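Got the viewer open? Let's take a walk through the model, one selection at a time.

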Amino acid sequence: MTPFNYERASDISEAVGKPQFIAGGTNLLDLMKLGVETPDRITDITRLDMKNIEDHEGGLRIGALVSNSDLAADMRVRQTYPVLSRALLSGASGQLRNMATTGGNLLQRTRCYYFQDKSSPCNKREPGSGCSAIGGVTRLHAILGASEHCIATHPSDMAVAMQALDALVEVEGKDGSRRIALSDFYRLPEDRPDRETVLEYGELITAVVLPPAPTGKQTYRKVRDRASYAFALVSVAGIVSMQDGKIAQVALAFGGVAPRPWRDLEFEAALVGRAPTRETFDAATDILLRDASGQGGNDFKIPLLRRTLRAVLTELCEE
Ligand code: SF4
């Protein structure tokens, strides 16, 4: 590991503006050991006052340092936002969930094999060097939202559920605080896959705000290569409410298929007001997958997403 300077911040204002924060370290330390991340200086934020889950504007305000375990176990989350609790429990291992934080989970890096291998060209690690995944092993890679410069997927389960819940990310920067809709938080790779979010230099995530819980049934379904401790090949966070035998409201977000948690409002609109039939689901899914394309090794994700979505919708539309 490359030597670095370590400091500990005692309050939020002291932390803001620093180049590299560390909290649980479950992703950053791995990347530092691999030589993928080589910060000169890291600022420990674990003593900051960001560890509470508070009732807020009819929903919840989740401090950025709340652990994934504590968030999944919170009774308000389990009862009112079960899609989030399920997504969290489907991620990583118990030990990792005890260490991993809400803010850190949002900022975890892709698990693209070539990104983590310093000997492979990678535009995300070294802009302009090329993308080793294109033409390589692509089982984990994107079928939506990718570019000719990067086809990596975002690895978080938590963020997919938060995307379906219309979460807001609270950040603190040199110019004060701001809230960013999670749907606007991540950038698509385009020609700069190294720029993954809209965060400015030194901005610190302080909390995630969940709006009041939506009505209807919720679920999170994750398809992966083994039953635990594996990243999603395809995942679906779904919230559906029914009225008079028709779909009244839907929110559906997808993981394992795109560089960011994926949501498509045109696809959702194609479900609303319709009877929950296989024809309805398939016609809407055609819209969702209109621009989907594989790289060979991940072609299977296109039919897998269709089947997984059909199963989720069938479950959620049962009255
Ligand atoms: Fe790097 Fe993205 Fe290509 Fe993976 S897919 S090698 S992260 S540029």
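Select Leu96 to begin: is Leu96 buried, partly exposed or exposed? With a relative accessible area of 27%, Leu96 is partly exposed; here buried means under 20% relative accessible area, exposed over 50%, and partly exposed in between, using a 1.4 Å probe and protein chains only.

A quick word before we go on. This is a predicted model, in which local features need pLDDT of at least 70 and side-chain atom pairs count only at pLDDT 80 or more, while totals for chains, interfaces and linings use all residues. Residues are numbered from 1 along each chain as its sequence is written, and side-chain values use heavy atoms, with hydrogens and water left out.

Stay with Leu96 and colour helix H6, residues 94–99, which holds it. (Helices are DSSP runs of H or I with at least four residues, strands are runs of E with at least two, and both are numbered from the N terminus.) Now add Thr26 and Tyr229 to the selection: leaving aside neighbours within four places in sequence, these are the residues in contact with Leu96, where contact means heavy atoms within 4.5 Å. Try a C-alpha to C-alpha distance from Leu96 to Thr26 too: it comes to 6.8 Å, although the two are 70 residues apart in sequence.

Next stop, Gln163. You'll find Gln163 in helix H8, residues 158–164. Gln163 counts as buried, at 6% relative accessibility. To see what surrounds it, show Leu182, Ser183, Ala253, Pro261 and Arg263, the contacts of Gln163 once neighbours within four places in sequence are set aside.

Now pick out two cysteines, Cys112 and Cys122. Cys112 is buried at 9% relative accessibility, and Cys122 is buried as well, with a relative accessible area of 8%. How many disulfides does a search of the whole structure find? It finds zero, a disulfide being a pair of cysteine sulfur atoms within 2.5 Å.

Finally, zoom out to the cartoon view. The chain has twelve helices and eleven strands. Its radius of gyration is 19 Å, close to the 20 Å that the globule rule gives for 319 residues, so the chain is as compact as a globular protein of that length; the radius is taken over C-alpha atoms, and the rule is 2.2 Å times the number of residues to the power 0.38. Turn the C-alpha trace along its principal axes and it spans about 60 × 50 × 35 Å. Of the 319 residues, 52% count as buried.
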